[in-house]
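Grab a pencil and open the model next to this page. Each exercise sets a small task, and a worked solution follows it.

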Amino acid sequence: MADDYLVRIGKLIRDARQHRGWTQAQLAEALGTSQSAVNRIERGNQNISLEMIARIGEALDSEIVSLGYAGPMHLRVVGGRRLSGSIDVKTSKNACVALLCASLLNKGRTVLRRVARIEEVYRLLEVLGSIGVRTRWINDGVDLEIVPPAELDLDAIDAEAAVRTRSIIMFFGPLLHRMDRFKLPYAGGCDLGTRTIEPHMIALRRFGLEIAATEGQYHARVDRTVRPERPIVLTERGDTVTENALLAAARHDGVTVIRNASSNYMVQDLCFFLEALGVRVEGIGTTTLTVHGVPTIDVDVDYSPSEDPVEAMSLLAAAVVTESELTVRRVPIEFLEIELAVLEEMGLDHDRSPEYFADNGRTRLTDLTVRPSKLEAPIDKIHPMPFPGLNIDNVPFFAAIAATAQGKTLIHDWVYDNRAIYLTDLNRLGGRLQLLDPHRVLVEGPTRWRAAEMMCPPALRPAVVVLLAMMAAEGTSVLRNVYVINRGYEDLAERLNSIGAQIEIFRDI
């Protein structure tokens, strides 16, 4: 085995061990060898058999070498480069997954335009295909056609694909109209700490849905005698909770009032889609939605979801962190106004074009040009709120932005149990972030970013934040196992390269 291969394997083993949180001594104990032997392996100074590689992979619960199929994807980032030109925002990830779930309401043909080609969508397509829904990419792979079967075969559901996405919980709303009993695998998705589905259940019980969770599955039973006779008040103004209630109400034969509803971008896109299906929804953009349900939906529908405000924020943050002048086109401005107000307070220099409509004819877009700016830390803390507040998913990007600003910024990510912890990964790249508790991080800037090699955080937005910091750091960085980024972004590395970044995609040997 050539020496360079030994060195590369050693680095893979070291990264996997560190990601597991083990010392060399702990790995040595698990393998029944000495710490000095592990040290030699990690430095590439020890001949190593495939059997030993397999044992190490099993001990670390990590695939060190892939045989017979493509292994984990990694990114090699040459940082310190300025971005320039312009880039378009793609359609919303969260809207697309909601619309895929909503297609189960319709007996007819659904066509969704410019669907985000991301791992989260692919997992849902695998699930839909396994239960009998026919899906295919049309118009040179740009649009998606969905044709449901007369009867769904939930016994054949692809459980492996289902558990890799949290979006599977939005099957509850459509399915309760199609069958009296069914089972779904537990929801997965990003590692963001414990998130209960009880708010979903509180809303859906009003439609007769009862859930028992056992043996890794949700066991659902529907009582057809139960109907929502009074307004449904959501105990959490969550996006997916609101979407599930909307999906349940869409085919309820009557009028359903949903209060404390989210009015966020993906909820609005779902409402527009339901209207295309013939369901009347009053109060779109407010916290009270009145849904005039249609018991049977059998129409051929063609719908264009709007652009993704979180991707827009990602691209704006990329420009800020790399001190670049960049035009981000097709920005859904209604859902970024608070973020831009905070950035203006910090000193961001930017221009906006006149507003125009997205392809759905409803969402307001603009083109934003960002210029290098001398930023100051905001006086107030950065914290998310339900729309029209600062978007929950945009909070992590302010960690990288605050790291470029003069002064100290307090970020309070109160929604998730442990997402703030992942932001401290920026310290590996030269950041100065202090974790005050599981929800609060103090960021001190400005930062002199430095290159590093590290594992990708297991949460989507913090993972992208680390990538942006690597783009700002002089030298070559490596970000390993970026599946989580591919869950939410389509061809992100290639698109960033188109505006001046230098990011190489590679896989393990």
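## Exercise 1: Trace a sheet

Work out the strand order of the open sheet made of 4 strands, and say how they pair.

*Solution.* Step one: the order across this open sheet of 4 strands is 21-22-1-23, with mixed pairing. Keep in mind that you're looking at a predicted model.

Step two: look for the edges. Strand 21 (453-455) and strand 23 (502-507) are the edge strands, as each pairs on one side only. Ignoring direction, neighbouring strands of this sheet are turned by 20° against each other on average.

Step three: take the pairs in turn. Strand 1 (residues 73-79) and strand 22 (residues 475-480) are antiparallel, with 5 bridges between them. Here you'll find Val78 opposite Thr476 of strand 22, and Val77 opposite Ser477 of strand 22. Why look at such residues one by one? In a regular strand, side chains alternate between the two faces of the sheet.

Step four: turn to strands 21 and 22, which run parallel and are joined by 3 bridges. Glu453 has Val478 in strand 22 as its bridge partner. To get from strand 21 to strand 22, the chain passes through helix 16 (residues 460-472), and this β-α-β crossover is right-handed.

## Exercise 2: Step back and look at the whole protein

How many helices and strands does the protein have? And is the protein as compact as a globular protein of its length, or less so?

*Solution.* Start with the count: 18 helices and 23 strands. Next, compare two radii. The radius of gyration is 24 Å, and the globule rule gives 23 Å for 509 residues; these values are close, so the protein is as compact as a globular protein of that length.

Now add the dimensions: the C-alpha trace spans about 70 × 55 × 45 Å along its principal axes. Of the 509 residues, 55% are buried. As for the surface, the protein exposes about 20,500 Å², and carbon and sulfur atoms supply 46% of that.

Finish with the contacts. Take those with a separation of 6 or more: 73% of them are between residues 24 or more positions apart.

## Exercise 3: A second sheet and its helix

Find the edge strands of the sheet with the order 9-10-12-11.

*Solution.* First, the layout: this is an open sheet of 4 strands with mixed pairing. Its edges are strand 9 (232-233) and strand 11 (280-282), each pairing on one side only.

Next, follow strand 11 to its partner. Strand 11 and strand 12 (residues 288-292) run antiparallel and share 3 bridges. Val281 sits opposite Val291 of strand 12.

Then bring in a helix. Helix 10 (residues 239-250) lies across strand 10 (255-259) and strand 12, at about 25° to strand 12.

## Exercise 4: Buried or partly exposed?

Sort Ser103, Val267, Asn139 and Asn481 into buried or partly exposed.

*Solution.* You need the cut-offs: buried means under 20% relative accessible area, and partly exposed means between that and 50%.

- **Ser103** has 3% relative accessibility, so it is buried. Ser103 is in the loop between helix 5 (93-102) and strand 3 (110-112). Leaving out residues up to four places away in sequence, Ser103 touches Thr110, Ile146 and Phe273.
- **Val267** is at 2%, so it is buried too. You'll find Val267 in helix 11 (residues 265-276). Beyond its neighbours within four places in sequence, Val267 has contacts that include Asp239, Leu246 and Leu289.
- **Asn139** reaches 44%, so it counts as partly exposed. Asn139 is in the loop between strand 4 (134-138) and strand 5 (143-147).
- **Asn481** has 33%, so it is partly exposed. Asn481 belongs to the loop between strand 22 and helix 17 (483-488).

## Exercise 5: Backbone oddities

Which residues does a cis peptide bond join, starting with Phe387 and with Gly445? And what is the phi of Asn139 and of Asn481?

*Solution.* Begin with the cis bonds. One joins Phe387 and Pro388, with omega at about 15°; Pro388 is in the loop between strand 17 (364-371) and helix 14 (395-404). Another joins Gly445 and Pro446, with omega at about 0°; Pro446 is in the loop between strand 20 (440-445) and strand 21.

Now check phi. Asn139 has a phi near 55°, which is positive although the residue is not a glycine. Asn481, also not a glycine, has a positive phi of about 60°.

Methods. Residues numbered from 1 in each chain as written. Predicted model: local features only at pLDDT ≥ 70, side-chain atom pairs only at ≥ 80, totals over all residues. Heavy atoms only, no water. Pairing = 2+ DSSP bridges. Helix = DSSP H or I, 4+ residues; strand = E, 2+ residues; numbered from the N terminus. Axes fitted to C-alpha atoms, helices over the stretch in contact; angles between N-to-C directions. Rg over C-alpha atoms; globule rule 2.2 N^0.38 Å. Buried < 20%, exposed > 50% of the residue type's maximum accessible area, 1.4 Å probe, protein only. Contact = heavy atoms within 4.5 Å. Areas by Shrake-Rupley, 256 points an atom, 1.4 Å probe, with all protein chains shown as cover. Right-handed = clockwise from strand over helix to strand, strands pointing away.
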